[in-house]
Amino acid sequence: MKLQISHETVYNYVPAVETAQHMVYLTPLNDSTQQLLRHRLQVQPAPEQISSTTDVFGNVRSFFSLQVPHNQLLVHASSQVQTQPAQLPASSISWEAVREYFRYQAHGAFDSANEFVFGSPMASSHGEFAAYARPSFAAGVGLLAGALDLMRRIFRDFTYESQSTHVNTPALHALAQRKGVCQDFAHILIACLRSLGLAARYVSGYLLTKPAPGTVKLRGSDASHAWASVYLPDLPDGARWVDLDPTNDRAGWPAPGEDYVTLAIGRDFSDVSPMRGVIHGGASHTLTVGVTVEPVLEQLSSAFQSQSQSQGQGQSQSQSQSQNQSQDPRQPRL
C-alpha cells in the first residue's frame, strides 16, 4: 500500500525565542519491509542548514539550529511510503527458552537484541509488570502465543482515555490506574516482557484512519501512534521482530498491518520523541500538532478491510502534548 503522510508541528512563543537547537525524528524508516519513496522536511524560519544522521537503532534523525529571534516555529514533514501486507509468522520457541537465550554466558554468541532486554527510562523492569504478565506465560507456552495473549489482555483490561496520562507518566502509574493512551499501552507491554527476561522494543509511527460515515476526513485530524515489538530468535534473520499493537489488538510482521507506517524504533518513547530541543527565550509556548495519513491512488477501501478487528478510537501523545480530539468510535485508536 502506498501512503502519504503530513506531520506539522507549530510552536508559538511568548516572548520570542532568541536561539534554538532542535532534533527531530520525522523520517519514516526505509528498509526491505517499508520503502520510503519521498520525504521533505521544511522549517520556518528557515535554518541555514539541516543535517541528518542515522542513530544506533537505524533511525534517521535530523538536526537544525536557529540563530534568529522568532515567535513561531513551524516544522512540516511530508513523506510517501510503500508498505506491505502483514502476517503472523509461525514460531514455537517457548518463552523460557528465549529467556535462557538472553542470559549472559561467558564467551557465548552475542545477539544485538540483548540491549532491548534491559529496562529503559520509560519501560523499566519491575515485579508488578512481571506479575501482570505471568498469566499469559505458563510453563512451556510459546513466546509468540504468550505475547499475543498479553497484548489482548491489555486491550481488554485497560481503558483508552485521552488526557488520563501525559507524555512523562511512568508506565507503573498507567498499569495501576488501568487506563492511558497508546504510548502507555506500548510501554506497559514492553515492560512486562522485559520483566520476564525477554527482548521488546518501542515503535513510533502512524496508522491510516477512515472518516466517520457521511463526513469528509479533515486535514491534520490524525495523530501519531505507538506500539511494541517482541523478539523471536527462532525466526529467520531479518524477520525476528514481530509487532504488537495493544491499543487496537493487532499484530503481525513486518508491522501490525499494511495501514501502519513505521517512523522510528527505540527502547521507549524517550529514544524517538518526534521533536525535542533547547531554546533560549520563549518563557511560555503553545503547541499545535496536525497529522494526516491518506492512501495514494484511492486505496482507502482495501485499507480498511484489514482493520476489521479494530474497534474504538483514540490518539497518541507527542513529546509535549496529548491530543484529545474525539472521533467516530469505530475508528482505530491512535
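Colleague: Which residues of helix H3 are buried?

Modeller: Keep in mind this is a predicted model: local features need pLDDT of at least 70, side-chain atom pairs count only at pLDDT 80 or more, and totals for chains, interfaces and linings use all residues. Numbering runs from 1 along each chain as its sequence is written, and side-chain values use heavy atoms, leaving out hydrogens and water. Helices (H or I, at least four residues) and strands (E, at least two) are DSSP runs numbered from the N terminus, while buried means under 20% relative accessible area, exposed over 50% and partly exposed in between, with a 1.4 Å probe and protein chains only. In H3 the buried ones are Leu143, Leu144, Gly146, Ala147, Leu148, Leu150, Met151, Arg153, Ile154 and Phe155.

Colleague: Which strands help cover the buried residues of H3?

Modeller: Helices H1, H2 and H5 are part of that cover. The strands included are E9 (224–231), E10 (241–245) and E11 (250–252).

Colleague: What span should H5 have, going by its residues?

Modeller: H5 covers residues 182–195, which makes 14 residues. The expected span is 1.5 Å times one less than the number of residues. The end C-alpha atoms agree with that, so expected and modelled spans both come out at 20 Å.

Colleague: Is the crossing of H3 and H5 left-handed or right-handed?

Modeller: Their axes come within 11 Å and cross at roughly 145°; axes are lines fitted to C-alpha atoms over the stretch in contact, with angles from 0 to 180 degrees between N-to-C directions. A crossing is left-handed if the near helix is turned anticlockwise from the far one by less than a right angle, and right-handed if clockwise. This one is right-handed.

Colleague: Which residues of H5 make the contact with H3?

Modeller: Contact means heavy atoms within 4.5 Å. H3 puts in Ala147, Leu150, Met151 and Ile154. From H5 come Phe185, Ile188, Leu189, Cys192 and Leu193.

Colleague: Which element gives the most to the largest nonpolar core?

Modeller: A nonpolar core is a set of buried Ala, Val, Leu, Ile, Met, Phe, Trp, Tyr and Cys residues joined through side-chain atoms within 4.5 Å. The largest has 66 residues, and Phe137, Leu150, Ile188 and Leu193 have the most contacts inside it. With nine residues, the top contributor is H5.

Colleague: How many residues of H5 are buried?

Modeller: Gly197, just after H5, takes a positive phi of about 85°. H5 itself is mostly covered, and the buried count is 13 of its 14 residues.
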